[in-house]
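Grab a viewer and a coffee, and let's work through a few exercises together. Try each task yourself before you read its solution.

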Amino acid sequence: MKDFTVSAEQVPNIAAVLRRSTLLGGLSAPILESVAKICRMQQAKAGETIVREGDPSDRLFLLLRGEAEVRTQASGTTARSEEHTSEL
């Protein structure tokens, strides 16, 4: 998976995505911009595993484009960039 830093030009777009998030949407614009500045972007290829159930996690994933399939031991669902899911 390709990993890179958010550029200054991307900060407003990332802040807008964060604003639409159920979890972060209630934060003020300056705080959302501060959060956007420390975000890391990852680009995954089709079929690539992003995270595995049960692995320790130190991050929150927000899907900006495309879709991701969420597979759990119980069931699987598909998350698209327009949707919010507690599993991602």
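**Exercise 1: the Asp-58 pair**

Is Asp-58 buried or exposed? Then work out its salt bridge.

Solution. Keep in mind that the model is predicted.
- Step one: take the relative accessible area of Asp-58, which is 65%. The cut-off for exposed is over 50%, so Asp-58 is exposed.
- Step two: look for a partner. Arg-59 forms a salt bridge with Asp-58, and their closest N and O atoms are 3.0 Å apart.
- Step three: check the partner. Arg-59 has 49% relative accessibility, so this residue counts as partly exposed.

**Exercise 2: the other salt bridge**

Find which residue forms a salt bridge with Asp-3, and say which parts of the chain the pair ties together.

Solution.
- Step one: the count of salt bridges comes to two.
- Step two: Asp-3 pairs with Arg-40, with 3.0 Å between the closest N and O atoms.
- Step three: place the two ends. Asp-3 sits in strand β1 (residues 2-5) and Arg-40 in strand β2, so the salt bridge ties together parts that are 37 residues apart in sequence.
- Step four: check exposure. Asp-3 comes out at 42% relative accessibility and so counts as partly exposed; Arg-40, at 47%, also counts as partly exposed.

**Exercise 3: layout of the chain**

Write down the order of helices and strands along the sequence.

Solution.
- Step one: tally the elements. You should get two helices and four strands.
- Step two: read them along the sequence, which gives β-α-α-β-β-β.
- Step three: add the contact pattern. Of the contacts between residues at least 6 apart in sequence, 43% join residues at least 24 apart.

**Exercise 4: the core**

Identify the largest nonpolar core and say which element gives the most to this core.

Solution.
- Step one: list the nine members, namely Val-6, Val-11, Ile-14, Ala-15, Leu-18, Leu-24, Leu-32, Ala-36 and Met-41.
- Step two: assign them to elements. Helices α1 (11-20) and α2 (29-38) each supply at least two residues, and α1 gives the most, with four.
- Step three: zoom in on Val-11, which is found in helix α1. Its relative accessibility is 8%, so Val-11 counts as buried. Beyond four places in sequence, Val-11 is in contact with Val-6, Glu-33, Ala-36 and Lys-37.
- Step four: do likewise for Leu-32. With residues up to four places away left out, Leu-32 touches Ala-15, Leu-18, Arg-19, Leu-24 and Leu-27.
- Step five: put the core in context. Buried residues make up 17% of the 88 residues in the protein.

**Exercise 5: a serine in a loop**

Work out where Ser-21 lies and which backbone nitrogen lies 3.3 Å from a polar atom of its side chain.

Solution.
- Step one: locate Ser-21 in the loop between α1 and α2.
- Step two: classify it. Ser-21 has a relative accessible area of 7%, so it is buried.
- Step three: find the nitrogen, which belongs to Leu-24.

**Exercise 6: a nonpolar patch**

Find which residues make the nonpolar surface patch of about 360 Å².

Solution.
- Step one: the patch is made by Leu-23, Leu-60, Leu-62 and Leu-64.
- Step two: follow up on Leu-62, which lies in the loop between β2 (40-43) and β3 (67-71). At 33% relative accessibility, Leu-62 counts as partly exposed.
- Step three: compare with the whole surface. The protein has about 6800 Å² of accessible surface, and carbon and sulfur atoms account for 50% of it.

Key
Residues numbered from 1 in each chain as written. Predicted model: local features only at pLDDT ≥ 70, side-chain atom pairs only at ≥ 80, totals over all residues. Heavy atoms only, no water. Buried < 20%, exposed > 50% of the residue type's maximum accessible area, 1.4 Å probe, protein only. Contact = heavy atoms within 4.5 Å. Areas by Shrake-Rupley, 256 points an atom, 1.4 Å probe, with all protein chains shown as cover. Core = buried A, V, L, I, M, F, W, Y, C linked by side-chain atoms within 4.5 Å. Patch = residues over 30% accessible without salt bridge, like charges linked within 9 Å, V, L, I, M, F, W, Y side chains within 5 Å. Salt bridge = Lys/Arg side-chain N within 4 Å of Asp/Glu carboxyl O. Polar contact = N/O pair within 3.5 Å; in protein donor to acceptor, adjacent residues only side chain to side chain.
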